[in-house]
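Student: Hi! Could we go through this model together? I'd like to start with the charges and rings.

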Amino acid sequence: MVGLPYDFLANPLGAVRSTFEKAMAAEVASGADPANYDGRDWGVADLFRQFLFDNGGLSQVPILNSTSFKWVQPNTLVRFRGMIQDMLGNELYVGVYKDGPNWRTNKYMDLSQFSMGSRPDMRVWERQLLYCVPVPGQNSWVEPSSEAVINCYRNGTSQQREKRPRDDDTTSDPMDFHVSGDEFQGSSSNKKMREDEIPSKSSQAQDFVSEGASSISIVPTLDKDSLPCLVKIYDVPESDLKLNDVFEFVGIFTFDPELVVKDDADEFSDLCDDVLADMPPSKVPRLHCLIHRKLEVHDFISNSPVMEVKPHLVKEIRGSLLGHLTAVLGNDGLAANFMLLHLLSRVNGRVDNLAVGKLSLNLSCFSKESVSVFGNQITFAIKNLLPFTHHMPLTVDYLNTASLAPRKDYQLNRLVTGVLQLAEGSHLTVDETLLEAGTLNSVGVENARLLKNLMELQKVEYDFKYYKMEMATDIQLLILSEGKSNILPADLVLPFQPSSVDSAEPVAEEALEAWRWYLATLRSQPNSIEPELQKVIEDDLVAARQADRTLSSGDFSRIADDGAVNVSELW
């Protein structure tokens with residue numbers, strides 16, 4: 001915006017200050033006491049929403065990840081795409097205070113920009129804390145290239161040079177308070193205040209990416225080299241944010257690898273408890289969220305062609321994708337058709353314990369020799385088609401030692417992630433051909449049960465030590481096995497019968513982009529059944545039950561799911 005004393009990208013705190021000062025002036029003009037201001041949004045969100053979406057500014061905002069981390073400057077605008085791995089409760093902080101005749105705010109900041117001292121007119125506000133990680137299993141083609149990241153940063157810095165930040169952007173005598181909502185209600189005997197030194201340039205950012213992230217125990221083992229982020233949320237109902245949801249957070253980035261924590265305490269020590277002791281600002285960057293939006297799988301297909309969903313176009317892309325899958329599967333056309341149905345399946349509803357819409361697939365008749373060829377081709381093909389994929393080599397030793405279920409660590413007061421804490425829309429390939437005779441210990445038996453529940457119910461059991469909690473999910477499961485899997489009862493078991501061992505031909509990037517668009521778009525389409533067709537289906541199911549009394553509700557569900565996936569694919 002021309003003429004404003006701040007830049008949205010390089011100096012977002014300028015917009016925060018400017019709008020806050022206008023809000024305080026309006027409070028005074030109306031005769032209200034600014035000390036009673038409750039911290040509600042004073043126009044910042046609308047200002048940034050206009051810049052990002054109405055004026056096309058979102059594409060100019062750098063994406064914060066392990067590649068861009070060493071380029072992005074503190075106190076600039078960034079966006080972080082990630083999964084909510086843990087919800088850390090609420091944090092209390094000094095939201096507004098008086099500095100001489102002026103009212104100041106610490107909203108969207110870690111550190112106070114002015115010396116606060118001990119003031120009777122300080123007001124404590126509240127914000128939510130989310131520990132977020134890049135989506136587990138995110139494939140490399142989803143991320144922007146290193147060159148694009150550097151260019152985006154250079155564009156941002158060039159704009160920063162054009163507009164000189166205000167002098168009061170520097171920080172001095174900062175003070176930050178941390179306390180969870182639950183602990184604030186309880187005893188204050190263990191609470192202390194944290195006072196931070198003046199931050200310095202993030203010259204050690206490169207060391208953090210290679211060393212700091214992997215040293216944090218709660219980062220998913222599937223993504224040890226990924227960049228975690230502590231996201232601070234303002235003015236948003238807690239019901240809008242759920243564990244394992246994937247969001248894009250746009251906000252102010254803060255990080256300092258040399259930040260010092262002191263143990264000095266004062267009269268505010270009863271209010272403050274550093275619940276983030278194992279995630280200090282010197283290890284985990286912070287993002288003060290201004291705007292957030294929930295992401296679906298199709299939001300990660302950034303380079304796919306923008307096209308209208310038309311039957312002839314869908315049919316053409318489907319034909320080429322089916323041909324590719326047939327080549328990958330050694331010219332087994334039946335397996336290719338069911339593989340395509342599997343990749344299009346999703347949980348679109350729940351009835352009691354039934355997850356409607358899922359279609360897990362067990363390709364049997366593999367050997368250790370054939371899986372080394374076709375298993376690798378299948379895994380590689382799926383990685384190129386779907387944004388979030390995982391491969392699990394199932395052995396007795398793996399079952400006996402792996403941490404599949406997330407668990408609560410009450411000593412750290414953190415949720416320690418497990419292999420099965422995945423985002424909706426993830427794909428999991430289980431290679432059972434490595435499984436040999438052996439004895440499962442108690443951990444192995446529990447892990448086998450967890451996988452079975454995921455397969456049948458699309459639920460993952462979280463271990464909170466004193467109780468277990470089932471969390472609904474939506475994960476596509478593919479099992480490669482010698483015979484029918486006895487551990488993982490799939491919806492469909494199909495003998496794999498390749499007729500050719502030729503490797504699949506290299507695929508052009510344009511074709512991959514079209515196939516990704518096809519899968520993501522058709523999976524996102526709503527499923528509905530007309531009343532007339534519903535009556536036909538009911539009559540058919542009744543006739544089938546009369547002919548075979550062994551058919552269960554689960555069998556009917558699988559038949560209905562297969563039909564729904566077929567209809568969505570042909571549409």
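Tutor: Happy to! K107 lies over the face of W42, 4.8 Å from the ring centre. Over a ring means that NZ of Lys or CZ of Arg is within 6 Å of the ring centre and within 35 degrees of the ring normal.

Student: And which residue lies over the face of Y93?

Tutor: That's R127, at 3.9 Å from the ring centre.

Student: Before I trust this, what kind of model is it?

Tutor: This is a predicted model, where local features need pLDDT of at least 70, side-chain atom pairs count only at pLDDT 80 or more, and totals for chains, interfaces and linings use all residues. Residues are numbered from 1 along each chain as its sequence is written, and side-chain values use heavy atoms, leaving out hydrogens and water.

Student: Back to rings: how many aromatic pairs are there?

Tutor: The structure holds 15; rings of Phe, Tyr and Trp (its six-membered ring) pair if their centres lie within 6.5 Å, and planes under 30 degrees apart count as stacked, over 60 as edge-to-face and the rest as tilted. F20 and W42 are edge-to-face because their planes are at 65 degrees, with centres 5.0 Å apart.

Student: Are those two buried or exposed?

Tutor: Both F20 and W42 are buried, meaning under 20% relative accessible area, with exposed over 50% and partly exposed in between (1.4 Å probe, protein chains only).

Student: Which cluster do they belong to?

Tutor: One aromatic cluster is formed by F20, W42, Y93, Y108, W125 and Y234. Within that group, Y93 is buried at 3% relative accessible area, and W125 is buried at 7%.
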